[in-house]
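The following note sets out points on the fold for a colleague at the bench. Please read it alongside the sequence and the model.

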Amino acid sequence: SIALVDKLENKFWLFDATPKIREQLHVMSDIDLSGIFLTHAHYGHYIGLLELGKEVLNANNVPVYVMPKMFDFITRNSPFDLLIKNENILLNKIVDNKVVLDDGKLIECFEVKHRNELSETVGYRIKVNDKSIIYLPDLDHYRGFVDVIKELIKNNNIIFLDGTFYDKKEIKKR
């Protein structure tokens, strides 16, 4: 995951809630968590939300931004629906593929070619002032996506691109 940090306002937004969210929040403990953006419903990207629940941090209405299918996934599945009922998170459905944060920070999302068994998969463009960053996790392949990648490289300042695996044969039994 990555974090968008506003040092002037002493707050940050996290992109993906990994199983290591407890350690990530500890590193950022002197800054206020203002929200979480999720990319998709695979274990390493959303399971950390459970750390915000009553049994652990007992967070108070942390805004969580998701696409429509991810919204449905969270609201229809326990124990994630309890996070909403207990007001640990405030689930927000992303409309028109963008969220405008305070001071004009713009978060845009775009579809990514990935396994979508449980939800859609998105990458994010984070725009602050005249700079932009791309967060693009879990891209299955570049076929049909090469032109998009070239445009992303050409039109943004920094790109975080998942390079975990060179090809699908690296993971046995898959």
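1. The largest nonpolar core holds 25 residues, and those with the most contacts inside it are I36, L38, L49 and I74. A nonpolar core is here a set of buried Ala, Val, Leu, Ile, Met, Phe, Trp, Tyr and Cys residues joined through side-chain atoms within 4.5 Å; buried means under 20% relative accessible area, exposed over 50%, and partly exposed in between (1.4 Å probe, protein chains only). At least two residues of this core come from each of strand 2 (11–15), helix 1 (21–27), strand 4, helix 3, helix 4 and strand 5. Another core, of 16 residues, lies apart from it and includes I2, Y65, V122 and Y135.

2. On the basis of these statements: the model is predicted, so local features need pLDDT of at least 70 and side-chain atom pairs count only at pLDDT 80 or more, while totals for chains, interfaces and linings use all residues. Residues are numbered from 1 along each chain as its sequence is written, and side-chain values use heavy atoms, with hydrogens and water left out.

3. Beyond its neighbours within four places in sequence, I36 is in contact (heavy atoms within 4.5 Å) with residues including L14, I21, L49, L52, V62 and V64.

4. The protein has five helices and 10 strands, taken as DSSP runs numbered from the N terminus (helices H or I, at least four residues; strands E, at least two). Of its 174 residues, 45% count as buried.

5. Which residues of helix 3 (residues 68–76) are buried? They are M70, F73 and I74. Because they cover an arc of only 90° around the axis, they fall on the same side of helix 3; the arc is that of the directions from the helix axis to the C-beta atoms. The face turned away from the buried side of helix 3 carries the exposed residues K69 and R76. Cover for the buried residues includes helix 2 (43–46), strand 4 (62–66), helix 4 (80–85) and strand 5 (89–93).

6. An open sheet of five strands follows the order 6-7-8-9-10 with mixed pairing, where two strands pair if DSSP finds at least two bridges between them. Its edge strands, strand 6 (98–100) and strand 10 (158–161), each pair on one side only. Strand 8 (residues 122–128) and strand 9 (residues 131–136) run antiparallel and are joined by five bridges; K127 stands opposite S132 in strand 9.

7. Helix 5 (residues 146–155) lies across strand 7 (106–111), strand 8, strand 9 and strand 10, and runs at about 145° to strand 9. Axes are lines fitted to C-alpha atoms, for helices over the stretch in contact, and angles run from 0 to 180 degrees between N-to-C directions.
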